[in-house]
Amino acid sequence: VPRSVECCFVLPRARLSKGMRVLVVGGSGYLGQFLSRDLAAVPNGHTVGLTYNQTPQVHVDGVDPSHCYKLDLCGASAAQELREIFVHFAPDAVVNCAALSDLAQCERCPEHAAQLNVPQWLTSALPPRCLLIHLSTDIVY
């Protein structure tokens, strides 16, 4: 388990201004937790929000619980729910850490894998002028 995720590696400092509002989609997942925590600790004073699905109690150090949003990315209304989160949180940047990374599960459920790993729900809901950072793996699904 890495001690921390280097935010400057994932999000170049040149693109982050002081006081940005950053929403981490999939913020309760393995990578999302570390990224959310480390972004909240950046001295620039970022306000961090995150989405989660199955985690009953989300607690990430430095993230205000009122900025934690339950979101089912496989639900029929995912794009609409995300738009509502965008209106409420008003992000300057969105980091997509949500994914189905279990290769065996992706092969068993290709439609489900495509729905999570090809984020049309995110690109269709993204506010204008909002920076999108999409993270992926080296696995080809």
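User: Of the 141 residues of the protein, what percentage count as buried?
Analyst: This is a predicted model. Buried here means under 20% relative accessible area. Of the 141 residues, the share that meets this is 43%.

User: Which order do the helices and strands follow along the sequence?
Analyst: The protein has six helices and five strands. Read from the start of the sequence, the pattern is α-β-α-β-β-α-β-α-α-α-β.

User: Is strand 1 largely enclosed or largely open, and why?
Analyst: Strand 1 covers residues 21-25. Four of its five residues are buried. The rest of the structure therefore leaves strand 1 largely enclosed.

User: Which residue is the bridge partner of Leu 23 in strand 2?
Analyst: Strand 1 and strand 2 run parallel, joined by four bridges. In strand 2, Leu 23 has as its bridge partner Gly 49.

User: Which residue of strand 4 stands opposite Val 25?
Analyst: Strand 4 spans residues 93-96. Strand 1 runs parallel to strand 4, with four bridges between them. Opposite Val 25 in strand 4 stands Asn 96.

User: How many residues in the lining of the largest pocket are charged?
Analyst: The largest pocket holds about 730 Å³ of space. Its lining has 30 residues, and those nearest its centre include Cys 97 and Leu 116. Of the lining residues, 13 are nonpolar and 16 polar. The number of charged residues is one.

User: Which elements give two or more residues to the lining of the largest pocket?
Analyst: Two helices and a strand do so. They are helix 2 (30-41), strand 2 (47-52) and helix 5 (110-117).

Key:
Residues numbered from 1 in each chain as written. Predicted model: local features only at pLDDT ≥ 70, side-chain atom pairs only at ≥ 80, totals over all residues. Heavy atoms only, no water. Buried < 20%, exposed > 50% of the residue type's maximum accessible area, 1.4 Å probe, protein only. 1 Å grid on protein atoms, 1.4 Å probe; cavity = no way out; pocket = protein on both sides within 12 Å on 5 of 7 lines; lining within 4 Å. Points joined across faces, edges and corners; volume = space filled by probe spheres on them. Nonpolar A, V, L, I, M, F, W, Y, C, P; charged D, E, K, R; others polar. Pairing = 2+ DSSP bridges.
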